Amino acid sequence: MKIEVHPEIEKLLFPLHKDEMELLEKSILEDGIRDPLVVWPYNGKRILVEGHHRFRIAQKYGLSFRTVELARRNLTDEQRAYIQGKLYEMMKKNPKGFEDRNPSEAQNEPGDKSHATAKKIGSLFGSSQATVRRNYKFAKAVDKVREVKPEAAEKIFRGEVKDALTALPQVIRKEDPE
């Protein structure tokens, strides 16, 4: 199955500096691609979630690589929550949403498809709908932090900010009840 690069996911990445990209390319050409690329299986597609730089280098030189599915990847809790929140945001904005969902299921209000979307994304990660929606608020908060101070967002992703997963969604909840 072909790997697809989704522009919404790719723009979430922290780009490498030119010298970092050159070092990564040199390392890959010498040692191969050691770490697997992370893909999200969705609707018969494999959407690239992590490993965009390695993927581009592999394409450039025709190199082989391994992949793992998202649910099995060892991300920090903060990275996993952010990815889950951004996937939820993308899917709830899409009027088509998940094609395989039953619109009569998991809706609290007429016309509200966000619960079905949260349910589907939660099933991919082994999370509840409430966790998916909380992670959406976490991702929105991290995006706001990133706008003001990108290095602070990086610390959040590395798990260096105590209580970020619980405190940041509280900030968004006060602003945007969803």
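## Close-up views of the predicted model

**Figure 1. F65, a partly exposed residue in a loop.** With a relative accessibility of 29%, F65 counts as partly exposed, because that class covers values between 20% and 50%. Please keep in mind that this is a predicted model. F65 sits in the loop that runs between helix 3 and strand 4. Leaving aside residues up to four places away in sequence, the neighbours that F65 touches are I3, I33, L37, F55 and A58. From F65 to F55, the C-alpha distance is 8.2 Å, and 10 residues separate the two in sequence.

**Figure 2. The aromatic pair of F55 and F65.** Searching the whole structure turns up 3 aromatic pairs. In the one shown here, the ring centres of F55 and F65 are 5.8 Å apart and the planes stand at 80°, so the pair is edge-to-face. F55 belongs to helix 3 (residues 52-61), while F65 is in the loop before strand 4 (67-69), so the pair ties together parts that are 10 residues apart in sequence. What is the relative accessible area of F55, and is the residue buried or exposed? F55 is buried, at 6%.

**Figure 3. The aromatic pair of Y82 and F157.** This pair is also described as edge-to-face, with 4.9 Å from centre to centre and 80° between the planes. Here the partners come from two helices: Y82 from helix 4 and F157 from helix 7 (residues 150-157), so the pair ties together parts that are 75 residues apart in sequence. Y82 and F157 are both buried.

**Figure 4. The nonpolar cores.** The largest nonpolar core has 19 residues, and W40, L70, I83, L87 and I121 have the most contacts inside it. Two or more residues each come from strand 2 (37-42), strand 3 (45-50), helix 4 (77-93), helix 5 (114-125) and helix 6 (129-148). Which element gives the most to this core? That is helix 4, with 5 residues. Another core, of 12 residues, lies apart from this one and includes Y82, F138, A139 and A153. For context, buried residues account for 38% of the 178 residues in the chain.

**Figure 5. Q84 and its surroundings.** Q84 is part of helix 4. With a relative accessible area of 1%, Q84 is buried, because the class holds for values under 20%. Which residues does Q84 touch, not counting those up to four places away in sequence? The contacts are I121, F125, S127, T131, V132 and N135. Of these, I121 also appears among the residues with the most contacts inside the largest nonpolar core.

**Figure 6. Helix 6 against helix 7.** The two helix axes come within 5 Å and cross at roughly 145°. On the helix 6 side, the contact is made by F138, V142, V145, R146 and V148; facing them in helix 7 are P150, A152, A153, I156 and F157. Sorted by class, this contact has 9 nonpolar residues, no polar ones and 1 charged residue.

**Figure 7. Placing the close-ups in the chain.** To help you find your way between views, the chain has 8 helices and 4 strands, and their order from the N terminus is β-α-α-β-β-α-β-α-α-α-α-α. Of the contacts between residues at least 6 apart in sequence, 69% join residues at least 24 apart. The chain has an accessible surface of about 10500 Å², and 49% of this belongs to carbon and sulfur atoms.

Technical notes:
Residues are numbered from 1 along each chain as its sequence is written. This is a predicted model: local features need pLDDT of at least 70, side-chain atom pairs count only at pLDDT 80 or more; totals for chains, interfaces and linings use all residues. Side-chain values use heavy atoms; hydrogens and water are left out. A nonpolar core is a set of buried Ala, Val, Leu, Ile, Met, Phe, Trp, Tyr and Cys residues joined through side-chain atoms within 4.5 Å. Buried means under 20% relative accessible area, exposed over 50%, partly exposed in between (1.4 Å probe, protein chains only). Contact means heavy atoms within 4.5 Å. Accessible areas come from the Shrake-Rupley method with a 1.4 Å probe; for residues, only the protein chains shown count as cover. Rings of Phe, Tyr and Trp (its six-membered ring) pair if their centres lie within 6.5 Å; planes under 30 degrees apart count as stacked, over 60 as edge-to-face and the rest as tilted. Axes are lines fitted to C-alpha atoms, for helices over the stretch in contact, and angles run from 0 to 180 degrees between N-to-C directions. Ala, Val, Leu, Ile, Met, Phe, Trp, Tyr, Cys and Pro count as nonpolar, Asp, Glu, Lys and Arg as charged, and the others, Gly among them, as polar.
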